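This report walks through one protein model, beginning with a single strand and moving outward to its surroundings. Keep the structure open while reading.

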Amino acid sequence: MKIETIKHAGVTLAATAALLLTGCQSSNNNGGVSTAPSPSVTPSTATDNGVAALPADQILRRAHTAVKGATSYRINGDMKSAGQRATIEFQIRGSDLSGSLAMGAAKAELLEVGGQQYVRPNEQFWSMIGDPRKAKELTRSVGGKWAKVPPGDKNLSGLFGAASIAELLDNEGKVTKGPAKEIDGVPAIGLVDNGPEGGTLYVATVGEPYPLRIEAQVLTDGHISFTNFGASIPAFKAPTDAEVVDYGQLTR
């Protein structure tokens, strides 16, 4: 389970852009991200789903399938990277998403509606992912507006990989069954990715076999949590033309 995927989200922007996980509260007005996660499974009513008895690779496939069937969910986490606290928080509704990510003082809001991606970084973030000498000018040009990501742009678009649950669940090494434990009151089975940057994924053993959490190899390095599967989330709204600048035109 690639907890490092978050660290390397946007690696095409800057080799040091280790962008990680939860709790940075977004101030956007496009659906927003709630700050109080709720359980996706109610242990008192959910029944055993049988995955604990399966081989590790089959459990992982079941988790992938369960996520594909979810209409909505939340991803959040909190980690250390390069001596700094790095966080992300996202809500996903179908193929749309809204959220934010940060590393130290560098912060950015991300929004995707109808296949169009938008970012709203602060000056420190622009400096981290690009030429620090141009960060102030870029910040002034964008102001408080959303930067519209041009089609085919692999740099800013790469940031959205931080919200790709498929990438996060992709194993790097051999996956073996680990310990069972409760995640926020929900019984779960651990799947250990034995790759050099792997972690342990906990999959619910009651109700749908949703992924519940990825923990780093060293617990103090942080975690990624998956919650609110199937929760009712209002549709995210695309910003108006007056709230958008074309990033492609700014960088020509």
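## A strand and its two partners

The model is predicted. In it, Tyr 202 has Arg 213 of strand β10 as its bridge partner. This bridge belongs to the pairing of β10 with strand β9 (residues 199–204), in which the two strands run antiparallel and share five bridges. On the way from β9 to β10 the chain makes a hairpin with six residues between the strands, and Gly 207 there has a positive phi near 65°.

Strand β10 also pairs with strand β11 (residues 222–227), again in the antiparallel sense, through three bridges. One residue pair in this set is Glu 215 with His 223 of β11. The connection from β10 to β11 is a hairpin of five residues.

How many of the six residues of strand β10 are buried? Six of the six residues, 211–216, are buried, so the strand is largely enclosed by the rest of the structure. As a general point, side chains in a regular strand alternate between the two faces of the sheet.

## The loop between β9 and β10

Two residues of this loop can be set side by side. Thr 205 is in the loop between β9 and β10, and Glu 208 is in that loop too. Is Thr 205 buried or exposed? Its relative accessibility is 9%, so Thr 205 counts as buried, the cut-off being under 20%. Glu 208 has a relative accessibility of 44%, so it counts as partly exposed, a class that lies between 20% and 50%.

Beyond its neighbours up to four places away in sequence, Thr 205 touches Thr 47, Asp 48, Asn 49, Gly 50, Val 51 and Ala 52, along with Pro 187, Ala 188 and Ile 189. Glu 208 can be placed relative to another part of the chain as well: its C-alpha atom is 6.5 Å from that of Ala 66, although 142 residues separate the two along the chain.

## Salt bridges

The structure holds eight salt bridges. One of them joins Glu 89 to Arg 74, with 3.0 Å between the closest N and O atoms. Glu 89 is in strand β2 (residues 84–93) and Arg 74 is in strand β1 (residues 72–81), so this pair ties together parts that are 15 residues apart in sequence. Glu 89 is buried, at a relative accessible area of 2%. Arg 74 also counts as buried, at 2% relative accessibility.

Others involve strand β10. The side chains of Lys 181 and Glu 215 form a salt bridge with an N to O distance of 3.0 Å. Lys 181 is in strand β7 (residues 175–183) and Glu 215 is in strand β10, so the pair links distant parts of the chain, 34 residues apart. Lys 181 is partly exposed, with a relative accessible area of 32%, whereas Glu 215 is buried, at 8%.

Glu 215 has a salt bridge with Arg 213 as well, at 3.4 Å from N to O. Both Arg 213 and Glu 215 are buried. Which residues make up the network of salt bridges that includes Lys 181? The network links Lys 181, Asp 184, Arg 213 and Glu 215.

## Aromatic pairs

Three aromatic pairs are present in the structure. In the pair formed by Tyr 210 and Phe 229, the ring centres are 4.0 Å apart and the planes are at 0°, so the pair is stacked. Tyr 210 is in the loop between β9 and β10, and Phe 229 is in the loop between β11 and β12 (244–246), so the pair ties together parts 19 residues apart in sequence. Tyr 210 and Phe 229 are both buried. Together with Tyr 73, they form one aromatic cluster.

## Nonpolar cores

In soluble globular proteins, nonpolar side chains tend to be buried together. The largest nonpolar core here has 57 residues, and the members that touch the most others are Ile 75, Phe 90, Leu 110, Trp 126 and Phe 226. Helix α2 (residues 56–68) gives the most to this core, with six residues. A second, separate core has seven residues, including Leu 111, Trp 146, Ile 233 and Phe 236.

Leaving aside residues up to four places away in sequence, Trp 126 touches Pro 121, Ala 135, Leu 138, Thr 139, Val 142, Ala 147, Leu 156 and Tyr 247.

Technical notes. Residues are numbered from 1 along each chain as its sequence is written. This is a predicted model: local features need pLDDT of at least 70, side-chain atom pairs count only at pLDDT 80 or more; totals for chains, interfaces and linings use all residues. Side-chain values use heavy atoms; hydrogens and water are left out. Buried means under 20% relative accessible area, exposed over 50%, partly exposed in between (1.4 Å probe, protein chains only). Helices (H or I, at least four residues) and strands (E, at least two) are DSSP runs, numbered from the N terminus. Two strands pair if DSSP finds at least two bridges between them. Contact means heavy atoms within 4.5 Å. A nonpolar core is a set of buried Ala, Val, Leu, Ile, Met, Phe, Trp, Tyr and Cys residues joined through side-chain atoms within 4.5 Å. A salt bridge is a side-chain nitrogen of Lys or Arg within 4 Å of a carboxyl oxygen of Asp or Glu. Rings of Phe, Tyr and Trp (its six-membered ring) pair if their centres lie within 6.5 Å; planes under 30 degrees apart count as stacked, over 60 as edge-to-face and the rest as tilted.
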